[in-house]
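User: Happy to look at this one with you. Could you walk me through the reasoning behind the labels?

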Amino acid sequence: MEEATGFKTADGIAPGVSLPEIEKKYQIKQVDDPVARSKVLLVYEGINKGIIFDIDSISKTCKAISVHKAGDSASTYINMH
């Protein structure tokens with residue numbers, strides 16, 4: 001796992017971490033986000049955890065992490081792309 005500085009989850013997930021590493025620690029599902037996709041990003045939501053991971057579609061690494069109220073759908077996600 002690549003070491004990153006700044007924000008990290010309690011599980012040690014941070015920007016720069018690979019999608020397979022995230023999948024080891026979170027049950028996630030891909031969210032359809034056309035705006036993100038147009039910017040070569042994939043959006044994954046931590047099921048019932050209130051966390052969203054923006055993943056680079058080429059390198060499959062985390063580019064950003066967003067949080068929202070647990071139990072809310074990803075539709076509450078404010079599109080920052």
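Analyst: Gladly! Let's start with a term: a nonpolar core is a set of buried Ala, Val, Leu, Ile, Met, Phe, Trp, Tyr and Cys residues joined through side-chain atoms within 4.5 Å. Keep in mind that this is a predicted model.

User: Which residues touch the most other members of the largest nonpolar core?

Analyst: The largest core has 13 residues, and Ile13, Ile22, Tyr26, Ile28, Phe53 and Ile55 touch the most other members. Helix α1 and strands β2, β3 and β4 each supply at least two residues, with β3 giving the most, three. Setting aside neighbours within four places in sequence, Ile13 has contacts that include Ile22, Tyr26, Phe53 and Ile65.

User: What makes Lys24 and Glu21 a salt bridge?

Analyst: The closest N and O atoms of Lys24 and Glu21 are 3.0 Å apart. The cut-off is 4 Å, so the pair qualifies. Both residues lie in helix α1, three residues apart, about one turn of the helix. The whole structure holds one salt bridge.

User: Why is Glu21 called buried, and why is Lys24 called exposed?

Analyst: Glu21 has a relative accessible area of 19%, and buried means under 20%, so the label fits. Lys24 has 62%, and exposed means over 50%, so Lys24 is exposed.

User: How do you know that Asp56 has no salt bridge?

Analyst: Asp56, in strand β3, is buried, and the nearest side chain of opposite charge, Lys63, is 4.7 Å away. A salt bridge needs a distance within 4 Å, so Asp56 and Lys63 do not form one. Still, Lys63 is among the contacts of Asp56, along with Val40, Leu41 and Thr61.

Notes. Residues numbered from 1 in each chain as written. Predicted model: local features only at pLDDT ≥ 70, side-chain atom pairs only at ≥ 80, totals over all residues. Heavy atoms only, no water. Helix = DSSP H or I, 4+ residues; strand = E, 2+ residues; numbered from the N terminus. Buried < 20%, exposed > 50% of the residue type's maximum accessible area, 1.4 Å probe, protein only. Contact = heavy atoms within 4.5 Å. Lys, Arg positive; Asp, Glu negative; His and termini not counted.
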